[in-house]
Amino acid sequence: MSARTEEYTLGVEEEYQVVDPETREVQPEGGQRVVRRAQEAMSEEVAPEVLASQIETISPVCRTLAEVRTELLRLRREANEAAAKEGYRLVAASTHPFSHYQDQHVTPKSRYRNIAARYQRLTDELLAFGFHIHVGLSDREAAVQVMNHARVWLAPMLALSANSPFWLGEDTGYDSYRTQVWGRLPSAGPPAPFESLEEHDALIKALVATGVVAEPTKIYWDIRLSEHAETIEFRVADVCSRADEAVMLAGLARALVSTCYERAERGEPYPKARPELLRAAHWRASRDGLDGELADVEAGRAVPAREVIEKLFDFVRPALEESGDWEEVSTLVRDTVERGNGATRQRQVYERTGRLEDVVDVLIEETAGGIGST
């Protein structure tokens, strides 16, 4: 592994639903109780989120995919144990199949109350859960150029991760309805390209000055520069119920950063895709996932989803091989393409049983898969 690859550290953040094992409903106050319990063992690796029914786990810095897997399973195990002690279960998925946002409450902390005051009804309806991947890159000027190159590859990552087909008891027709719920916020979605870090920072300042966001940390683009760490943060994906899929996405994200950095370093121009086309590509990936077609942004046309995934694979394969991740990531991606993403599995359960409660049960099982007894 080269010295450059060693710099691409990894960190992941997963947001979980806290559910009642009897009713399978999201519990309005469950997150606060689980966070308090979990912090006894996990300290700062677990945190509350905007809604009091959510919790978030935050991995330590990892240098290999093997470390990512180990830490993800450990965090899931400890979070699940804390939830079980409080009488709850955890679900890793980006929407709940039938719980209503009207039954939820904002976590009673000033930062979350401020978000609710700023976005009003949008916050009330934000019963959506995210998965974030941090890839280390200390050179922020270079990181801006990496974002420019990587933004055209975010839609296939969304399609692979999509795991939120149901909303308020109905099939939405979208594989990732979270994308539609979250995308209504003014700073969400794929960002436009930036010619420099100076231009990037000027836009952040303008968004704060206009009152659209309260501070730079409230920029919610699908890919962004972290304000707290020297990382590029991928925010485009749904929460994966299976840990394997989370590991797969982490590997793809790091390979994208490595590949795009090398291209930027060689002075290769980034794809000049218009923001409107990127938003359309994300909408298509959100709706169709891996079934049917996705938008090939560079070609400007719709092609079978498998072709877009293979094109992504070809783009990042040298980086995956250099880091030693090719065999694992390629196997996981091909398994996902063949068997379907999380949204496919949720629909298969519902088609088989006709009960959304059964969908929740399977999500609970998948979330706890591989962690040992709780």
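Counting Lys and Arg as positive and Asp and Glu as negative, with His and the chain ends left out, the chain carries 44 positive and 64 negative charges, and the mean positions of these two sets are 2 Å apart. The model in which these charges are placed is a predicted one.

**Overall form**

The chain contains 15 helices and 13 strands. Its radius of gyration is 19 Å, close to the 21 Å that the globule rule gives for 374 residues, so the chain is as compact as a globular protein of that length. Along the principal axes, the C-alpha trace spans about 55 × 45 × 40 Å. Buried residues make up 59% of the 374 residues, and among contacts with a separation of 6 or more, 76% are between residues 24 or more positions apart. The accessible surface of the chain comes to about 15,100 Å², and 46% of that surface belongs to carbon and sulfur atoms.

**Nonpolar cores**

In soluble globular proteins, nonpolar side chains tend to be buried together. The largest nonpolar core in this model has 105 residues, of which Ile 133, Ile 232 and Phe 234 touch the most other members. Helix H10, residues 243-265, provides the largest share of this core, with 12 residues. Apart from this core lies another one of 12 residues, which includes Val 26, Phe 98, Val 360 and Leu 363.

The surroundings of Ile 232 can be followed residue by residue. When its neighbours within four places in sequence are left aside, Ile 232 is in contact with Ile 133, His 134, Val 135, Leu 137, Ala 143, Val 146 and Met 147, and also with Ile 223, Arg 224, Leu 225 and Val 257.

**Two residues with positive phi**

Arg 24 has a positive phi although it is a residue other than glycine, and Ser 43 likewise has a positive phi without being a glycine. Their values and places in the chain are set out below.

| Residue | Phi | Loop | Relative accessible area |
|---|---|---|---|
| Arg 24 | near 65 degrees | between strand S1 (10-19) and helix H2 (30-42) | 16% |
| Ser 43 | about 50 degrees | between H2 and strand S2 (46-48) | 45% |

Is Arg 24 buried or exposed? With buried meaning under 20% relative accessible area, Arg 24 is buried because its value is 16%. Ser 43, at 45% relative accessibility, counts as partly exposed. Helix H2 borders both loops, since the loop holding Arg 24 lies between S1 and H2, while the loop holding Ser 43 lies between H2 and S2.

Conventions: Residues are numbered from 1 along each chain as its sequence is written. This is a predicted model: local features need pLDDT of at least 70, side-chain atom pairs count only at pLDDT 80 or more; totals for chains, interfaces and linings use all residues. Side-chain values use heavy atoms; hydrogens and water are left out. Helices (H or I, at least four residues) and strands (E, at least two) are DSSP runs, numbered from the N terminus. The radius of gyration is taken over C-alpha atoms; the globule rule is 2.2 Å times the number of residues to the power 0.38. Buried means under 20% relative accessible area, exposed over 50%, partly exposed in between (1.4 Å probe, protein chains only). Contact means heavy atoms within 4.5 Å. Accessible areas come from the Shrake-Rupley method with a 1.4 Å probe; for residues, only the protein chains shown count as cover. The place of a charge is taken as NZ of Lys, CZ of Arg, CG of Asp or CD of Glu. A nonpolar core is a set of buried Ala, Val, Leu, Ile, Met, Phe, Trp, Tyr and Cys residues joined through side-chain atoms within 4.5 Å.
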